[in-house]
Amino acid sequence: MCDEFTASEEEAALAAKGVSRREFAAIGAAGVLAACTGGTSEAKGKSALKEAAVTFATPDGTADGFFVHPAKGKHPGVLLWPDIAGLRDAYKEMARRLAGEGYAVLVINHYYRSSPAPIMASMAEWRTPEGQAKLKPMIAALSPAGTTSDAKAAIAFLDAQKAVDTKRGIGTQGYCMGGPYTVRTAAAMPDRVRAAASFHGGGLVTDAPDSPHRLLASTKASFLFAIARNDDARAPGDKDALREAAKAAGRPAEIEVYNADHGWCTLDAPVYDKAEAERAWGRMLALYKAL
């Protein structure tokens, strides 16, 4: 998870780039995205896209999100759960790229109970005292039951869209705290969710009766668990617990520790690692072929 342990790894990554945390934050989300993507969406050239800010009803109120899909045709739906800093430009860019591959992508603001998105402009804000003071009450308002009901509402939204092919399965992907939400999504809607991918997910293996790894038997999905090397160093038994749970549940699961640190897949993270992020992205696209 994004705590003091991973903060030290971020400092080391920034030092290797010759940038301080303050300088990194000053670049701003737009500058970080331009540096990572060359200033253009990687989806360009593959298909014309349509996108919009959207809202939909949940049992706890009205959730907001970002919905993007190819301009023509029907496509498999994907529910994307952002990391701890929430829905922001980095995740919109990632969603556009996935839409360019032929998917209808909904990025949910999982903090909607507290505030509409964006909560933060970039990952750098989470590491500031002000950012943590702002987010911690919002994090405390989240619960496994709330995530489950949000997942059901989000998939209902996707299935109601003309751009979504309801004859195909739903995919879901999550980053950091969003990683375990993908498993809860698959368990909440087992007849719709056929693929779930967790990237540097935290809290996948716990002692709780409803720990995500214990929910695999309640799903009908195939899984990708892409684990950060520093997360694995802290909890080396988690990957084995996931493998054992997947085997017992009879669920296909690709479980791998990547040569990168927590947050490596997120465009505006200090530890973003393009090579390993691209490798993880490729494995996710292979997973989504089953939709």
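Helices, of at least four residues, and strands, of at least two, are taken here as DSSP runs and numbered from the N terminus. On that basis the protein chain holds 9 helices and 8 strands, and the reader should keep in mind that the model is a predicted one. Of the 291 residues in the protein chain, 56% are buried. Among the contacts in the protein chain with a separation of 6 or more, 76% are between residues 24 or more positions apart, and several of the contacts described below can be read with that proportion in mind.

A convenient place to begin is the packing of helices. Two packed helices are described by the angle between their axes and by the distance between those axes. For helix H5, which covers residues 144-159, and helix H6, the axes come within 9 Å of each other and cross at roughly 65°, and the crossing is right-handed. From H5, the residues that take part are Pro144, Thr147, Thr148, Ala151, Lys152 and Ile155, and they meet Tyr181, Arg184, Thr185 and Ala188 in H6. Sorted by class, the residues of this contact between H5 and H6 comprise 5 nonpolar, 3 polar and 2 charged ones.

One of the charged residues of H6 deserves a separate look. Arg184, which is found in helix H6, has a relative accessible area of 10% and is therefore buried, given that the cut-off for burial is under 20%. When its neighbours within four places in sequence are left aside, Arg184 is in contact with Pro144, Thr147 and Thr148, and also with Asp210, Ser211, Pro212 and Leu215. Pro144, Thr147 and Thr148 are also among the H5 residues that meet H6.

Tyr181, another H6 residue that meets H5, leads on to the aromatic side chains, of which the structure holds 8 pairs. Trp81 and Tyr181 form one such pair, edge-to-face, with 5.2 Å from centre to centre and 75° between the planes. This pair links distant parts of the chain, since Trp81 belongs to strand S3 (residues 77-81) and Tyr181 to helix H6 (residues 179-188), 100 residues apart. Both Trp81 and Tyr181 are buried.

A further pair is formed by Tyr91 and Tyr175, whose ring centres are 5.4 Å apart and whose planes stand at 65°, so that this pair, too, is edge-to-face. Because Tyr91 lies in helix H3 and Tyr175 in strand S5 (residues 170-175), the pair ties together parts that are 84 residues apart in sequence. Tyr91 has a relative accessible area of 0% and is accordingly buried, while Tyr175, at 1% relative accessibility, counts as buried as well. Elsewhere, Phe56, Phe67 and Phe157 form one aromatic cluster, and the position of Phe157 falls within the residue range 144-159 of helix H5.

Helix H3, which carries Tyr91, also takes part in a helix packing of its own. Helix H3 (residues 89-100) packs against helix H9 (residues 274-288) at an angle of about 45°, with the axes 12 Å apart. That angle makes H3 oblique to H9, and H3 passes H9 in a right-handed crossing. On the H3 side, Met94, Arg97 and Leu98 meet Glu278, Trp281, Met284, Leu285 and Tyr288 of H9. This contact of H3 with H9 consists of 6 nonpolar residues and 2 charged ones, with no polar residue.

What remains is a set of backbone features in loops. Ala117 and Pro118 are joined by a cis peptide bond, with omega at about 0°, and Pro118 is found in the loop between strand S4 (104-108) and helix H4 (129-140). Cys176, found in the loop between S5 and H6, has a phi near 60°, a positive value in a residue other than glycine. With a relative accessibility of 1%, Cys176 counts as buried. His200 likewise has a positive phi, near 40°, although it is a residue other than glycine, and His200 is found in the loop between strand S6 (193-199) and strand S7 (222-228). Its relative accessibility is 1%, so His200 counts as buried.

Definitions and conventions: Residues numbered from 1 in each chain as written. Predicted model: local features only at pLDDT ≥ 70, side-chain atom pairs only at ≥ 80, totals over all residues. Heavy atoms only, no water. Axes fitted to C-alpha atoms, helices over the stretch in contact; angles between N-to-C directions. Parallel < 35°, antiparallel > 145°, perpendicular 65-115°, else oblique. Left-handed = near helix turned anticlockwise from the far one by under 90°. Contact = heavy atoms within 4.5 Å. Nonpolar A, V, L, I, M, F, W, Y, C, P; charged D, E, K, R; others polar. Phe/Tyr/Trp six-rings, centres within 6.5 Å; stacked < 30°, edge-to-face > 60°. Buried < 20%, exposed > 50% of the residue type's maximum accessible area, 1.4 Å probe, protein only.
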